[in-house]
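Please look over the model shown below before reading on. The paragraphs after it go from the overall fold to a pocket and then to a single residue.

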Amino acid sequence: MKIKRLAHIGIAVKDVDEVAKVYTEYLPLGLDSRDTVGELLTGFIPVGDTSIELVMSTTEDGVMSKYIAKKGEGVHHIAFEVEDVAAAMAELKAKGVPLTSDEPRPGAHGAKVAFLHPKATHGVLIELCEYPEKH
Ligand code: ZN
């Protein structure tokens, strides 16, 4: 598996636009793009070669709504860009590393993503993503 870069840091938020102000008003960054994936709305804030990914649920019982109800807003996951997410998953499975899905799942901006299970990573949810183009 080749890791190309730290693609983004995912932050669980209640409201993408509200939280984006922290980065665009307190800090000199800009909200570059938004995307929806199922019930999730994401906002990307580029920082050099990586990004901050703000993620909110658009439904009360969505995955981020549930996460925030339990743990509050804040850092949710870190994402590494890989060349081939399916191959990376196979490599991890061969090592016995638990993943949260058997197949790559659709992510923001046409990415294919997979998550290592946080029980195997000392509490950090690690995403692997393969982008059709740089993001
Ligand atoms: Zn992510």
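What follows describes the fold, the largest pocket and one buried glutamate, E130.

The model is predicted: local features need pLDDT of at least 70, side-chain atom pairs count only at pLDDT 80 or more, and totals for chains, interfaces and linings use all residues. Residues are numbered from 1 along each chain as its sequence is written, and side-chain values use heavy atoms, with hydrogens and water left out.

The protein has three helices and eight strands (DSSP runs, H or I of at least four residues and E of at least two, numbered from the N terminus). Their order along the sequence is β-α-β-β-β-α-β-α-β-β-β. The C-alpha trace spans about 45 × 30 × 25 Å along its principal axes. Of the 135 residues, 41% are buried, meaning under 20% relative accessible area with a 1.4 Å probe, protein chains only.

The largest pocket is an open set of points on a 1 Å grid over the protein atoms alone, where a 1.4 Å probe fits, with protein on both sides within 12 Å along at least five of seven lines; lining residues have an atom within 4 Å of a point. The space in this pocket is about 760 Å³, the volume filled by probe spheres set on the points, which are joined across faces, edges and corners. Its lining consists of 32 residues, with M64, H76, H77, F115 and L125 nearest the centre. Helix α2 gives the largest share, six residues.

E130 lies in strand β8 and counts as buried because its relative accessibility is 17%. A polar atom of the E130 side chain lies 2.8 Å from the backbone nitrogen of V85.

Conventions: Buried < 20%, exposed > 50% of the residue type's maximum accessible area, 1.4 Å probe, protein only. Polar contact = N/O pair within 3.5 Å; in protein donor to acceptor, adjacent residues only side chain to side chain.
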